[in-house]
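Q: I would like to learn how to read an interface between two protein chains, going from its overall extent down to single residue pairs. Where should one begin?

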Amino acid sequence: MKEKVELLKNELIEKINNVKSIKDLNDLKAEYMGKTGIITELQSGIKDVPNEEKKEYGMNVNILKVAFNENYESKFKLLEEEEVNKKIESERIDVTLPSKKIRQGSKHPMTRIQEELEDLFVSMGYDVYDGPEIETDENCFQKLNLPLGHPARDAQDTFYLENEYEAFLLRSQTSTGQVRVMEANKEKGPIRIVCPGKVYRRDDDATHSHQFMQMEGLVIEENVSLADLKSTLEIFCKKLLGEKTEVRFRPSFFPFTEPSVEVDVTCFKCGGKGCPLCKQTGWIEVLGAGMVHPNVLAMCGYDPEKYQGFAFGVGLDRFAMFRYGITDIRTIYGNDLRFLNQFTKGDELDEIK
Amino acid sequence: MKLSRKFLSDYVELPENVTINELAEEMTHVGNEYDSAEKLINATNLVIGHVLECEDHPDSDHLHVCKVDIGNEILNIVCGAPNCRKGLKVIVALAGAKLPGGEIKKGMIRGVESNGMMCSKAELGLDSKFLTEEDKSGIHELGEDAVVGEDPIKYLGLDDEVIDFELTSNRGDLLSILGMAYEVGAIYNKKVKDIDLSYQEEGQIDFNLSIDTDNCSLFLAKEIKNITIKESPEFIKNRLIASGIRPINNVVDISNYVMLETGQPLHFYDLDRLGRTIKVRMAEEGEKLITLDNEERTLSNDDIVITDGTKTVGLAGVMGGLSTEIENDTKNVLIEAAIFNSTKIRKTAKKILRSEASNRFEKGIDPKRTYMAIERCCNLLSKYADATIVGGLVKIDNTDISDKEIKVTLDKINKVLGVTVTKEEVIDILTRLGFEVSEKDDEFTVIVPTRRMDISIKEDIIEEVGRYYGMEKIKGSKLILPVKEGKLDKSKRQIKNKLISMGLNEALSYALIPEDAVHKYTTDEFTHINLDYPMSEDRKTLRYSLLYSLEQVYNYNKARNLKDVCVFEIGKGFYKEETYKEELKLAGLMTGKYYLDINSTNVDFYIVKGIVEELLDYLGYAGRYTITTGEVPKELHPGISAVINIQGKNVGVIGRLHPSISKEDVYVFEINLEKLLQNRPSKLKAKEISKYLGMEKDVAFVVKKNVTNKEIMDVIKKSGGRLLTNIEVFDIYTGDKINSDEVSIAYNLKFEDINKTLTEEEVMTVFNKIISDVENKLGAKVRNGG
């Protein structure tokens with residue numbers, strides 16, 4: 001018996017070793033371990049073995065069984081690994097071939113600037129107000145201290161609607177938002193708003209477009225000053241043009257503010273040293289601002305003796321041009337895909353130190 | 001406004017070493033911006049020379065070879081000017097001289113050495129309007145008294161410097177040398193010098209003046225006799241040239257000179273041709289006048305005119321009439337100095353011609369200067385035109401020249417500026433500006449001179465203090481306001497972000513389009529809005545649909561061989577009902593590649609529809625909208641287009657461009673966001689998910705081609721009831737295996753119950769009901785197997 005088991009064991013090991021596929025291996029399993037398999041038969045033959053030999057017989061069959069299973073398992077793993085490797089080899093791809101994706105969309109640079117500023121001002125407690133683009137002469141001029149015939153109206157050559165001269169117009173400034181919000185505010189209490197939006201003027205060249213975007217800002221409180229305006233504009237200019245930007249006020253004139261200032265920032269190209277962009281002055285004019293004129297407050301229902309406020313108006317196109325190095329404003333409205341596609345890239349990641 | 005340094009120095013003393021650029025910068029700091037600040041003549045290395053010899057060039061028929069004495073040496077110069085001759089005093093540009101036309105170098109001209117150039121006035125860089133024909137054609141001949149070796153620019157009196165200011169519209173007072181002198185005087189703390197107004201009078205004026213309009217508040221008339229018309233003295237001519245005005249003759253020049261000094265425009269009439277009457281009135285509608293420039297002008301009843309009682313002789317404040325113009329034989333003159341309504345002048349000037357005079361009238365005139373201007377004219381005319389000044393002044397004066405008194409407290413000044421200026425600083429600044437100031441208990445009483453018409457309220461005084469204190473000195477303060485959350489409507493952002501994530505570029509186009517395009521891409525009836533005086537026909541009308549603009553974007557890019565265009569825009573559409581209306585709209589245009597891979601799938605109807613659905617679902621409209629056939633604009637393909645409805649209300653369209661508009665496969669969509677966002681979706685609430693396994697069933701229906709998927713789905717949904725949780729189309733078949741007028745659509749149906757695992761029996765009951773309903777209602781057959 002012992003020799004027979006030894007013989008069978010060697011034979012099955014050899015057979016397992018020679019197997020080339022999982023299928024053949026499983027066939028072999030059936031041959032030995034199946035219902036009529038060699039080992040199964042041997043196992044059931046125990047009933048014919050005399051009692052005193054049964055124990056030894058059983059042990060020998062078990063040796064065979066263990067030997068088969070051990071060899072089967074290791075061979076199976078081996079074959080499985082081989083098969084996976086074969087499959088992997090056959091599936092190998094060229095990872096440098098083009099990817100599959102949908103085309104990239106992009107946000108327009110003007111929207112990017114607008115959203116960035118909205119977020120900044122919302123974080124400082126300002127409401128964002130969006131008013132109509134068709135306006136009355138009253139809201140666009142008269143209530144902003146620009147009565148009919150005022151010479152400062154020349155600076156904003158306005159589009160009036162057909163048969164509506166000095167009545168209805170396309171807003172030439174987002175300052176209309178000031179008027180609307182002040183008038184709508186029944187309590188006549190403090191106000192903090194920005195009004196970004198499209199405006200229209202009769203102008204078309206490399207730095208002017210007949211349609212462009214502005215953002216008006218307005219704060220009405222009992223005690224706000226030009227110094228408060230300055231700190232607000234400092235935050236705004238640093239955010240858009242970089243931390244090192246400095247802000248300078250120069251006296252100026254706007255009918256709706258008194259005092260009025262032009263706001264210059266240190267040239268972001270040369271850092272204030274002087275270059276062709278800033279005409280060697282180190283400064284670039286970026287926006288107009290001032291303290292809300294008492295006539296404007298009064299016309300919009302505010303008591304100028306109680307309240308004072310500051311307002312500023314920013315040309316967003318100009319900031320977009322600075323920010324993205326756009327030299328011709330017509331590019332902004334040209335919708336050339338070679339331009340738009342550049343804006344699939346997100347803004348620089350913020351670094352908070 | 002061009003400010004001549006020499007002219008300014010007549011009225012205020014400038015610090016000796018201040019450069020023109022420093023002066024310009026100082027003025028900028030107080031709010032007066034400038035365009036340029038430079039020398040009147042930008043030429044270097046010029047010297048007065050004396051032509052000692054002038055021979056013909058041996059090798060030329062027009063050149064001369066000259067020996068020119070320049071003081072320390074005698075130069076050999078070849079010159080081509082016809083007037084070059086021995087004995088002339090000339091302007092010599094030495095080698096190395098920089099002229100506006102280029103640099104002068106030593107050289108050989110046709111074999112003869114030339115060590116410089118003799119210059120004409122034109123070569124010095126004066127604007128051609130200041131030059132005569134002689135100035136342009138030949139070298140300039142200096143006077144006998146010119147000293148050889150000295151600076152010819154100084155000799156000519158053109159050694160001036162000019163700042164070209166861009167003034168703000170409130171500072172009409174700065175349109176005069178005197179106004180500038182006060183402003184500059186305040187900077188350097190210098191007093192403004194007196195203007196010479198002395199003259200002798202003879203006799204008494206006899207003249208009739210009447211005003212028949214409210215638009216002329218002041219009119220002064222002064223008679224001048226026996227003038228001699230000649231050339232002006234050099235200083236007048238040079239100051240006019242520096243100020244950008246062409247010298248003509250002494251009388252005309254004096255009227256301009258006094259306007260520059262005082263800011264008061266003047267008009268001189270030939271008294272013998274005018275007669276003894278002036279009546280100011282509004283023009284009659286359609287009235288004609290030939291103005292100085294020999295143009296016939298048609299006037300309206302908004303224009304102010306000057307008449308001689310019967311005939312119109314001038315367009316007030318804008319331009320005189322030809323009939324009473326000063327000519328070379330004029331002997332007697334009537335001077336008009338008046339103030340006209342600024343708004344009326346502005347309107348007339350806009351229509352006819354904007355001039356130095358109209359510009360000043362528009363910004364307002366100080367009546368004190370009107371009187372001063374008359375006196376100054378008399379002074380100069382008697383000196384430089386040998387005139388006799390007739391005694392008396394004919395006038396009509398309805399102006400108020402009382403001084404303005406304004407009160408402001410120190411506290412208010414500091415509260416507005418956000419600084420701490422002292423009482424003494426305020427008094428110093430206002431005094432330097434020539435205002436009278438007194439102070440009591442920190443409250444200032446300021447008397448403002450009439451020349452400062454821009455100042456009327458305390459905020460104006462605060463601004464003056466700010467200007468001279470230095471706006472640049474204001475430091476940013478920590479603005480502390482109550483904490484609150486800013487409000488912002490994010491709808492537009494959400495839509496944009498979603499579309500961008502689905503591969504569309506945001507476009508930004510013009511709201512103004514051609515009138516004939518405004519009714520395109522819509523089936524709506526509406527009244528469109530045109531502009532008054534549009535810039536061009538292409539920008540005449542406010543758009544209603546954004547799709548015309550996107551079609552232009554597509555055409556633009558296609559012309560540049562950029563064919564994969566997927567863009568969208570959010571903007572307003574405009575129309576008129578009882579009032580003007582504007583509605584926010586979203587439009588998209590898609591064509592070319594959408595999936596980018598080697599096989600690159602092109603945009604088709606279903607991709608665009610998918611994008612619209614994804615967007616609507618994202619916004620929370622899932623289940624509330626349908627996309628189905630309906631009435632679409634004629635610019636769309638009638639067979640490949642659909643309408644978008646929200647709860648039965650039309651909010652938009654999707655479709656392919658009509659083949660007559662584009663041969664390419666171009667798809668568009670437009671949604672009226674105003675209508676869409678009227679019914680804002682409710683807040684997102686998570687639904688409970690079933691813990692029990694669901695079951696799926698597949699079924700394919702064969703239907704006639706005119707039955708739509710939507711109709712089938714509607715029946716399935718209705719019959720499926722609560723247990724049917726999802727339907728998906730997974731196959732469409734047309735072909736040999738079914739009739740040619742039929743289509744097979746296969747659906748995958750998902751059944752689920754929140755409370756229990758469904759049995760096969762329960763599902764089959766619903767499934768069979770679905771099948772029989774679809775068969776009965778739509779004439780469908782279930783397609784079995786292959």
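**Reading the interface between chain A and chain B**

A: One can begin by asking which residues touch: in this predicted model, 91 residues of chain B are in contact with 92 residues of chain A.

Q: How is the size of an interface often given, and what is the area buried between chain B and chain A?

A: The size is often expressed as the accessible area that is lost when the parts come together. Here the area buried between chain B and chain A is about 7700 Å², with carbon and sulfur atoms giving 54% of that area. Leu508(B), Tyr510(B) and Tyr580(B) supply 10% of the area that chain B buries against chain A, which is more than any other three residues.

Q: How many salt bridges and polar contacts are there between chain B and chain A?

A: Between the two chains there are nine salt bridges, and 46 residue pairs are in polar contact, counting pairs with both residues at pLDDT 80 or more. In one salt bridge, the side chains of Glu133(A) and Lys572(B) meet at 3.9 Å, N to O. On the side of chain B that touches chain A, strand 33 (residues 565-576) gives the most, with nine residues, and by class this side has 38 nonpolar, 19 polar and 34 charged residues.

Q: Which strands of chain A and chain B pair, and in what sense?

A: Strand 1 of chain A (residues 101-102) pairs with strand 35 of chain B (residues 595-596) in the antiparallel sense, over two bridges. Within this pairing, Ile102(A) has Tyr595(B) as its bridge partner in strand 35 of chain B.

Technical notes: Residues are numbered from 1 along each chain as its sequence is written. Chains are lettered from A and ligands numbered from 1 in the order in which they are written. This is a predicted model: local features need pLDDT of at least 70, side-chain atom pairs count only at pLDDT 80 or more; totals for chains, interfaces and linings use all residues. Side-chain values use heavy atoms; hydrogens and water are left out. Contact means heavy atoms within 4.5 Å. Buried area is the accessible area (1.4 Å probe) that two parts lose on being put together, summed over both. A salt bridge is a side-chain nitrogen of Lys or Arg within 4 Å of a carboxyl oxygen of Asp or Glu. A polar contact is a pair of N or O atoms within 3.5 Å; within protein, one must be able to donate a hydrogen and the other to accept it, and residues adjacent in sequence count only if both atoms are side-chain atoms. Helices (H or I, at least four residues) and strands (E, at least two) are DSSP runs, numbered from the N terminus. Ala, Val, Leu, Ile, Met, Phe, Trp, Tyr, Cys and Pro count as nonpolar, Asp, Glu, Lys and Arg as charged, and the others, Gly among them, as polar. Two strands pair if DSSP finds at least two bridges between them.
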